[in-house]
Amino acid sequence: MLAYLLRRLAFGAVTVVGVLLLLFALFFLVATPDDVARKALGEKAMPEAIAQWKTNHGYDKPRLWNAAAPFDTMLAEHLRRMLTFDFGRSDADDTPIVERLREGVWPSLTLTVPLFVLGLVCAVALALLVAYRRDSALDRATQVACVVLMSVPILLWIVGGQYLLGKMLRWFPISGFDPAPAVVLRFLAMPVLIGVLAHLGQEVRYYRTVFLEERNRDYVRTAYAKGCSPSQVMRRHVLRNALIPILTNVVIEIPFLFTGSILLESFFGIPGLGTMTVDAINGNDFATLRVMVFLGALLFIAGQVATDLAYAAADPRVRLE
Amino acid sequence: MIGRTRATRPLAPATARAAARVGAVAALLVTGLGACTNNPYPDADAAAKILYLSYPVAPKTLDPQVAYSTVDHVVTGAVFDTLLEYHYLDRPYRLIPALAEALPRPEPRADGHVTYRFHLRDGALYQDDPCFARGGAGRTTRAVEAADVAFALARIADPQVGSPVIDTFARVTGLRDFSTRLAAARADAAVAALPAHEQYARAGGIAGVRVLDARTLEVELDAPYPQILFWFAMPFTAPLPWEAVATYDGRDGRDRLADHPVGAGPFALARYDRQARIVLSRNPNWYGVRHPEWRAPGAVFPAPGARDDADGMLRAAAGQPLPFLERIEMRREPEAVPAFIKFMQGYYDTSPIIRESFDQVVQRGALTAEAAARGLRLETAVMAGVYYVGFNMDDTVVGAAAGERGRALRQAMSLAVDATEFLRLFNNGLGIPAQSPLPPGIFGYAATYRNPWRQPDLTRAAARLAEAGYPGGIDPATGKALRISFDVNNTAARALLQFQFLVETWKGLGLDVEIAATDYNQFQDKVRRGAYQLFQWGWIGDYPDPENFLFLLYGPMGRAHSGGPNTANFADPAYDALFEQMRALENSPQRARVIDAMRAILERERPWIELFHPEDYALHHGWLANVVPTSMSLPTMKYWDLDPARRAERRRAWNRPFPLR
Amino acid sequence: MIESHHLANAAVAALAALCGVTAWRGRARLAALWTRRPLAMLAVGLYLLVGALDSITWVGGSRGTAPTDLVALQEPRSVIDRLFPPDFRERSYSAPLAAVEFYDGGALRFPGRHLLGTDILGRDVLLQGLKGVRVALLIGGVASLIVIPLALAAGMGAGYFGRRVDDAVFFLISTLSSIPTLLLLIALVMVLGRGTLQVCVALGITSWVGFARIIRGETLKLRELDYVAAARALGASDWRILRRHILPNLTHLVVITFVLLFSRLVLSESILSWLGLGVDGSWGQMIDQARDELARDPIIWWTLATAAAALFGLILAVNLIGDALRDQLDPRTTR
């Protein structure tokens, strides 16, 4: 077990360095230091101001190789700062990035966690129900409904939902966010609802397949022969054994709960980490972007390890080494 | 087999339980609907004079020497009072004294330098802030001094601050020397550890900025530059207390100055969650609130003068002390459509009209009956800006290098574009087709001038194109339609539609104009390499002087030449000479003649196809009073007033949740 | 002189021939699908037909001497284009089958002939919708075709060869998954340029990970099968085993994934359009241009409805067929 963990973590470290290198290459394909400066200072900034800004922020160094001082390059600086968790300040407005992270985590979580939990519960419950009543009218209708739900582009879900619930029925504010506990639910109702509906189709189908697979096993037949009721069979045998693939699906998602949902946050005006990432990409804010990607990579590795551990815990046949 | 049989028998008790559960949930939902509301604000705020606004992008910085975007200025304009400001109602725009007692006159010197002397008001205080405890325990404020303005100007010169307007202020005598001395002084670690104001003192200060006494400041320029006074109406030159800069350095958990502005304006920043919410509250220390007896021009609502005031609203407010509002609440709205819908629901007091909802609100230049019944008010005024399509004059096909042939081609293309139709399609008709770079309201604009190459006429355009050597659009060298690249920097669907309209127009001449759409960065790259032929741009003026527009075609400002904003790379020696002449003149008939001559050159050479001057508008609810549209992002919220009771009642009426109609 | 549209026509002909051959070889399967989901098969067939017709283009062949027509006639026009007059534009919006403009009430150039109305630039919405079919088929098809070999190579390699290769593939997957897809897409579009094929490549590169994981899982299982072990014992080379034993058993997965990926990728393109990175003429771009029209009053619904209906129709049909296919092919979900 220990050897496994060590191997995985070492591997993870190599991956993270790879991610940082790839990010550096990608970003400076997309934007030059001049672009970063111009986005920060505004279009009307004169060349002198741009040059000064680059000096102030360390963008006037050579990118990859500096003959005079091999470690005084932008790449070296980039790697050093990320690996020592020295996040620094945003390129767009010089805010300390740690502060921005702290501000953005809570709004993201208030959206993604309810979305995730509600989505999971609804999908599993529905899948269990139709797996139990396989090939009934309900099952067939649900299958078609799922395909229909899946076939609508998510943009239409969002725009249609905002139009219907916010404008025509006036049940919820169309967008915005206020973390005060008394009113926060008002703002989350619509994005959570739409988010759940948009993914319900494919989730139910996936879980249904999983449950059906279990249902065809021999021990289920034995259970029925023993005299268990169908609901008992589903709950006590099928669900428990189907936990493994479900767990794999679920645990891998947990790290991404922190990074936020880009589409939903953008359309519903929720100032979370997803918006922060998009703003960083559009605003050529390299300092913020690399922190987001770095943390994303760490979370991803953590998620992988957690999945494997959970898998081992749930299925006694699996051994990690 | 066994399982199947069991599955077909209905589970009566389970179903009944399930039905009961569903029923309970439904009942909860229905009662819950009563508590449903789409109001995003706390109910307690309904009775107060709070203004609600939306903003699409978060401010970048609130450091007054750095902030240069519109959103930044909404906040800095309210928090920082400047020495001068614009009269709210009079047009053309004119300056009035604010923190200064009077408008200074330029005093020429023997060596060609010019000085301006400002006298500050005695008794103006800063907002309350803990940073003033540096000057004595328990102190929360102090008087505004001339030294604070000098400090602001020194910060503009400070390379570490990175002010974007340092080039403009380089005209101040000794500013550049000061920058160099400051950088040199900082080489000494002991000096670099000092707070900013002491560093500036060590470096000796700016030679051309002299503090004569606590309230008097003298500024010296190397050469006459009448437009400098406009810069004293912008937050760049607002007095800034050294205590704030010394305290808010972002270390040890303290705020940074960019997030914690301390000014002497009518409002103070009360809350700043940049990505979501900004709150400004009335500043009780503002000179207009503390000394209403001064009847200072910047603290009293002006008389309507020549402005149309049909309903007497402006006259009723005239002479009243400012500000009227208690608080300003701003919310971030990244998407335009939801923001506008919330405005129509009464949750924002003013809003830009988005193109999609325009017909809902405006028809044939006036409010629709439905909008008027809701109490909406609409005011339009032309903005000091210009949108245009430019030619890269360095190009060999469309530019100056092609000589007479290129000129005829540009003239033909200019003759084909119908700006009125463009505005009808994309701006709902708002805007004025432009005849020259100068917009209305700027000295040198001639309302009767008609640019012969901007009166759309496809037949004449086709004839001119034939004269250029491209009959029917065919390039004789290839035998096919002449191909021109239209390099645009916006890939959004909405923008592409506008570019396609122009492409279709030129297709009518037989030209094959191809859109090469890239994002902003790649466009800048193309411009840097000179790899572009046609481009589209817009410019909104910083201050109401023709120099701020005509400099966009001044040779030394050329993009290829010096990286300046003259992206057309227009370099005509006659025009450049006239520009240098015009720049130093005060508004006079002679200046008008020079501008006319410059316009004649532009008319002939056609480096731009001028599209339109954008029209600004103020669309606001009936409970918001005293709104007058202004351009150049001027601070105007201190003039606004509102009726909270009426607003609360209208909101309730417009927003009953669906079943409870 | 060989022009690009000649090459495109040749490619279409070749593709059609390939499809014909494949359809003939799998005609039993197709017949079974037809029995189960006749409507969906018919719908997909129609979409394919429209897409094919829109891909066959040639220059010239129309009358008219107006300058607009001259420029237009220099461009290759497809069969679908030729169903409509060459310059079928109005000034601006008009409702389906209307005789006057929508907002101003001015007379139209082709009153009553715009079956689904016109958009803001006056272009016929039905024509735009039809032309979007080819774009959608291209995006879904080409991107899926890029995903499959990538995922197969990575997945089979990781599953079959184990340790080192598995680690390397896992490293690649982790790295790619950690970079925000948005950034990856922007960077790829930037390097490759904006165009249908480039967007397909970008979409392909960002979508192969999930499929690779599934392939890896399957390969792991297949590797342990008796006859594979026997083949190895007999001295067959790895390459031979992969080609003759493992790959054929993955075919059903490939087919199912192709069909399901297709719909997912076409839907992803609409998000790309929202970001400004989409393909010109796609339904995603139509939706993006039209979504703000919902807020207009009176509302303009026909552009959004056409694009949404066309997109929904194709995706739904493909998904239904994919489901039916999976029921047939996947041994796990059969009774």
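Two residues count as in contact if their C-beta atoms, placed from the backbone, lie within 7 Å. This is a predicted model, where local features need pLDDT of at least 70, side-chain atom pairs count only at pLDDT 80 or more, and totals for chains, interfaces and linings use all residues. Residues are numbered from 1 along each chain as its sequence is written, while chains are lettered from A and ligands numbered from 1 in the order in which they are written.

Q: How many residues does the contact take from chain A?
A: Two chains, A and B, share this contact. Chain B puts in 37 residues, and chain A puts in 43.

Q: Which element gives the most to the side of chain B that touches chain A?
A: Helices and strands here are DSSP runs (H or I, at least four residues, for helices; E, at least two, for strands), numbered from the N terminus. Elements giving two or more residues to that side include α5 (166–169), β10 (327–332) and α20 (520–529) of chain B. The top giver, with 4 residues, is α1(B).

Q: Which strands are the edge strands of the open sheet in chain B?
A: Strands pair if DSSP finds at least two bridges between them. The sheet has 4 strands in the order β1-β10-β9-β8, with mixed pairing. Each edge strand pairs on one side only, and they are β1 (50–55) and β8 (267–273) of chain B.

Q: What is the bridge partner of B:Asp273 in β9(B)?
A: β8(B) pairs with β9 (residues 277–282) of chain B in the antiparallel sense, over 6 bridges. In β9(B), the partner of B:Asp273 is B:Arg277.

Q: Are α12(C) and α13(C) roughly parallel or roughly antiparallel?
A: Axes are lines fitted to C-alpha atoms, for helices over the stretch in contact, and angles run from 0 to 180 degrees between N-to-C directions. α12 (residues 283–290) and α13 (residues 302–329) of chain C pack at about 150 degrees, axes 9 Å apart. Angles under 35 degrees count as roughly parallel, over 145 as roughly antiparallel, 65 to 115 as roughly perpendicular and the rest as oblique. So the pair is roughly antiparallel.

Q: Where in chain A is confidence lowest?
A: pLDDT is the predictor's confidence in each residue, from 0 to 100. Chain A averages 81, and 93% of its residues score at least 70. Confidence is highest in helix α5 (residues 97–132) of chain A, at 88, and lowest, at a mean of 75, in helix α10 (residues 230–251) of chain A.
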